[in-house]
Amino acid sequence: MRRGVDRQVAGGCITPRTLAAALAMTRPAPSRLFVGLQLGLGGLLLQPFAWLQSVFWGRALKRLDLPDDPVIVIGHWRSGTTYLHQLMAADPGAATARNALTVAPQVSLLLKPWIITVLNRLMTATRPIDAVPWSALDPQEDEIGLARLTLDTNMAGVAFPQDYLRHFHRCVLSTTRDFQRKLLHFVRLTWAHDGEGKRYLLIKNPTHTARVTFLLDLFPKARFVLMKREPVDAVRSLTLVKQKLADLVGLQPAPDQQRQVEETAMAHRLLLEAFEAARPQIPAGQLVEVNYDELVDSPMNTVERIYRELSIEGWDQACDAVQARVERARTYNPSQVLLEPKAEKRLQELMAPANASTTD
């Protein structure tokens, strides 16, 4: 039961239109049809409520004034973006996407109290991919919610892991107009869902590392936090996470670890190259870079530095809540990240140039 709920939180409750588009693009493997049924059934059952939310909230959302200076946490997956997001989202003045929104954004405003109650009762205490604590109101990256509304997200490559790089090029290194509209709609949902009485909007999404130009078009005063980690460690960790996600929500079986390493290493390089190409467009004072080890070793000092350098107001009001989240995180006991020997050897071969450049 709980694994089924975790599957819904990670990738279920997809709108019927999104599911139909996915099935039209790629046929699921026969062995994964039951997973596909689980992922799509929730969205089908919720569709009448989605229509009601559209009726009650549609015009209000389009008129909703958004902050023009959101704080956006970016960086390659497994580089500390989740931990930083958790710490910053602990600030009572920060509005952000949370599991209760991303699990079913099409009904999240209409059914908010019910969703929170159900998730808190039925979710496992930790994420199935890495044992990080989570709950209904824990923060979540917006790509997870967007995947319910459009096929044009990085999650398409998670759902169809045999075609990961095709979807990475299609959805991460480029964007469609439909995706851009859906992203703006999702940001409005986030502010409506969590923004009452809040000081600033916080967005976390590693995929946005390649979308800086588009984000600055939407929010010229957007402030970015770039998380950085040793490439070999980030790629190794993401390789295992992708294997686990394929088992949890994939509509195809996962590739073997060696192929996963090769594709993940290539995507790592392309993602960071896309960011570096856009870096000059970020105005002075709107970018802070944070090393993974710095965040892990000195979380309070690191978050305080981010607030100071990005001129985020309210650190005095936030620090106690952030400290409490730091203390909560001390109970986290991460599993060892170990690849099969052939995959690890291939990883070292591929990442040797990157590792050399970080030590120069």
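**Entry 1. Leu41 and Gln38 in helix H3**

I began with Leu41, which I found in helix H3. The model is a predicted one, and I kept that in view for each entry. I looked up the exposure of Leu41: its relative accessibility is 41%, so it counts as partly exposed, the class between 20% and 50%. I then took the C-alpha separation of Leu41 and Leu270, which comes to 35 Å. Along the sequence, Leu41 and Leu270 are 229 residues apart.

Gln38 is also a residue of helix H3. I asked which residues Gln38 touches once those up to four places away in sequence are set aside. The partners are Arg7 and Gln8. For Gln38 and Arg7 I noted 8.1 Å between the C-alpha atoms, with the two positions 31 residues apart along the chain.

**Entry 2. The largest nonpolar core**

I next examined the largest nonpolar core, which has 30 residues. Leu39, Phe168, Val249 and Leu271 have the most contacts inside this core. I listed the elements that give two or more residues to it: helices H2 (16–25), H3 (33–63), H8 (155–159), H9 (164–171), H12 (231–249) and H13 (257–278). Which helix gives the most to this core? It is H12, with five residues.

I followed Phe168 further. Leaving out residues up to four places away in sequence, Phe168 touches Trp77, Asn154, Leu173, Ala267, Leu270 and Leu271. Leu270, the residue I had paired with Leu41 at 35 Å, is therefore one of the contacts of Phe168, given heavy atoms within 4.5 Å.

Another core lies apart from the largest one and has 28 residues. Its members include Ile74, Leu109, Val187 and Leu216.

**Entry 3. Positive phi outside glycine**

I checked two residues for backbone angles. Arg78 is not a glycine, yet its phi is positive, at about 70 degrees. I located Arg78 in the loop between strand E1 (71–74) and helix H4 (81–89). Is Arg78 buried or partly exposed? Its relative accessibility is 22%, so Arg78 counts as partly exposed, with the limit for buried being under 20%.

Ser311 likewise has a positive phi, of about 55 degrees, without being a glycine. Ser311 sits in the loop that joins helix H15 (299–309) to helix H16 (315–329). I recorded 56% relative accessibility for Ser311, which therefore counts as exposed, the limit being over 50%.

**Entry 4. The whole chain**

I then turned to the overall fold. I counted 17 helices and five strands in the protein. The radius of gyration is 19 Å, close to the 21 Å from the globule rule for 360 residues, so the protein is as compact as a globular protein of that length. Along the principal axes, the C-alpha atoms fill a box of roughly 55 × 55 × 40 Å.

I looked up burial and contacts for the chain. Of the 360 residues, 55% are buried. Among contacts between residues at least 6 apart in sequence, 82% join residues at least 24 apart.

For the surface, I noted an accessible area of about 16100 Å². Carbon and sulfur atoms account for 56% of this area. I closed with the charges: there are 43 positive and 38 negative side chains. The centres of these two sets lie 8 Å apart.

How values were computed:
Residues numbered from 1 in each chain as written. Predicted model: local features only at pLDDT ≥ 70, side-chain atom pairs only at ≥ 80, totals over all residues. Heavy atoms only, no water. Helix = DSSP H or I, 4+ residues; strand = E, 2+ residues; numbered from the N terminus. Rg over C-alpha atoms; globule rule 2.2 N^0.38 Å. Buried < 20%, exposed > 50% of the residue type's maximum accessible area, 1.4 Å probe, protein only. Areas by Shrake-Rupley, 256 points an atom, 1.4 Å probe, with all protein chains shown as cover. Lys, Arg positive; Asp, Glu negative; His and termini not counted. Charge placed at Lys NZ, Arg CZ, Asp CG, Glu CD. Core = buried A, V, L, I, M, F, W, Y, C linked by side-chain atoms within 4.5 Å.
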